[in-house]
Amino acid sequence: MSPQPPQPQVRKNILGFLKSFLGILRILQIVFGAGLWVTIASNKYEGSIHFVLFVAVLFWLLTLALFFLTLLDKQDLVPVLGGERWLLTNLVHDVAATVLYLPAIGVMIYKTDRNSFCNLELYKHLCLYKVYLAAAVFACLACLAYLLSAIYGGCRKCRGEQTVI
């Protein structure tokens, strides 16, 4: 038995979310968050970098969950957080991500600065300067995407809107 094609209304909802401001921001959050944790995890890391990796992976997974629940219009199935509280849930998630990404950015900038000595052509040992610099850029971009999403969600909440799309 072949799978049935999606109904026009479902396809319209999916495309509507993907073209919305929040849908684009969620995709950017997923891409920047994945860029951050893949950059860190594919190289040697220690100490405070574990916190950055924790923040990146935690909010990447949470953002994936929010993205797919909203994309498939299944937020009503989430107990306590879904339904009328879905916009508030998204707002709290975005504010928490912004707040936790800020110290992660600080850690990445500190680590980048501490490894700036090895950014010489003749330096022969393992140098994590470029890795930390790339991770700092990804962390800043992810934080910016979460901040924009939090501001957008806050404005919508203040206007009394209930839906995410």
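Student: What is the relative accessible area of Leu144, and what does that make the residue?

Tutor: Learn three words first. Buried means under 20% relative accessible area, exposed means over 50%, and partly exposed lies in between, with a 1.4 Å probe and protein chains only. Leu144 has 47%, so Leu144 is partly exposed. One caution: this is a predicted model, where local features need pLDDT of at least 70 and side-chain atom pairs count only at pLDDT 80 or more, while totals for chains, interfaces and linings use all residues. Residues are numbered from 1 along each chain as its sequence is written, and side-chain values use heavy atoms, with hydrogens and water left out.

Student: Where in the chain is Leu144 found?

Tutor: Helices are DSSP runs (H or I, at least four residues), as are strands (E, at least two), numbered from the N terminus. Leu144 belongs to helix H5.

Student: Which residues form a nonpolar patch on the surface with Leu144?

Tutor: A patch takes residues with over 30% relative accessible area and no salt bridge, joining like charges within 9 Å and nonpolar side chains (Val, Leu, Ile, Met, Phe, Trp, Tyr) within 5 Å. Here Leu144 is joined by Phe21, Leu147, Leu148 and Ile151. Together the five have about 430 Å² of accessible area (Shrake-Rupley method, 1.4 Å probe; for residues, only the protein chains shown count as cover). Helix H5, residues 129-158, gives the largest share of the patch, 4 residues.

Student: Phe21 is in that patch. What is its relative accessibility?

Tutor: Phe21 has 41%, so Phe21 counts as partly exposed.

Student: How many aromatic pairs are there?

Tutor: Rings of Phe, Tyr and Trp (its six-membered ring) pair if their centres lie within 6.5 Å; planes under 30 degrees apart count as stacked, over 60 as edge-to-face and the rest as tilted. That rule gives 6 aromatic pairs. In one of them, the ring centres of Phe21 and Tyr152 are 5.0 Å apart with the planes at 65°, so this pair is edge-to-face. Phe21 is in helix H2 (residues 21-41) and Tyr152 in helix H5, so the pair ties together parts 131 residues apart in sequence. Tyr152, at 26%, is partly exposed.

Student: What type of pair do Tyr101 and Tyr146 form?

Tutor: Tyr101 and Tyr146 are stacked, 5.6 Å centre to centre with 25° between the planes. Tyr101 sits in helix H4 and Tyr146 in helix H5, so distant parts of the chain, 45 residues apart, are linked. Both tyrosines, Tyr101 and Tyr146, are buried. Look also at Phe17, Phe67 and Phe68, which form one aromatic cluster.

Student: How many salt bridges does the structure hold?

Tutor: A salt bridge is a side-chain nitrogen of Lys or Arg within 4 Å of a carboxyl oxygen of Asp or Glu. The structure has 2. In one, Arg26 meets Asp94, with the closest N and O atoms 2.7 Å apart. Arg26 lies in helix H2 and Asp94 in helix H4, so parts 68 residues apart in sequence are tied together. Arg26 and Asp94 are both buried.

Student: Which side chains meet in a salt bridge at 3.1 Å?

Tutor: Glu46 and Lys111 do, N to O. Glu46 is in the loop between H2 and helix H3 (49-71), and Lys111 is in helix H4, 65 residues away in sequence. Glu46 is partly exposed at 35%. Lys111 is buried at 13%.

Student: Back to Asp94. Which residues is Asp94 in contact with, leaving aside neighbours within four places in sequence?

Tutor: Contact means heavy atoms within 4.5 Å. Asp94 contacts Arg26, Gln29, Tyr146, Ser149 and Ala150. The side chains of Asp94 and Ser149 also share a polar contact of 2.6 Å (a pair of N or O atoms within 3.5 Å; within protein, one must be able to donate a hydrogen and the other to accept it, and residues adjacent in sequence count only if both atoms are side-chain atoms). Asp94 is buried, with a relative accessible area of 2%. Its helix, H4, covers residues 86-114.

Student: Thr98 has its place in helix H4 too. Which residues does Thr98 touch, beyond those up to four places away in sequence?

Tutor: Cys143, Tyr146 and Leu147. Thr98 counts as buried, at 10% relative accessibility.

Student: Where does Asp73 lie, and what is special about its phi?

Tutor: Most residues other than glycine have a negative phi. Asp73 has a positive phi, near 60°. Asp73 lies in the loop between H3 and H4. Asp73 is partly exposed, at 43%.
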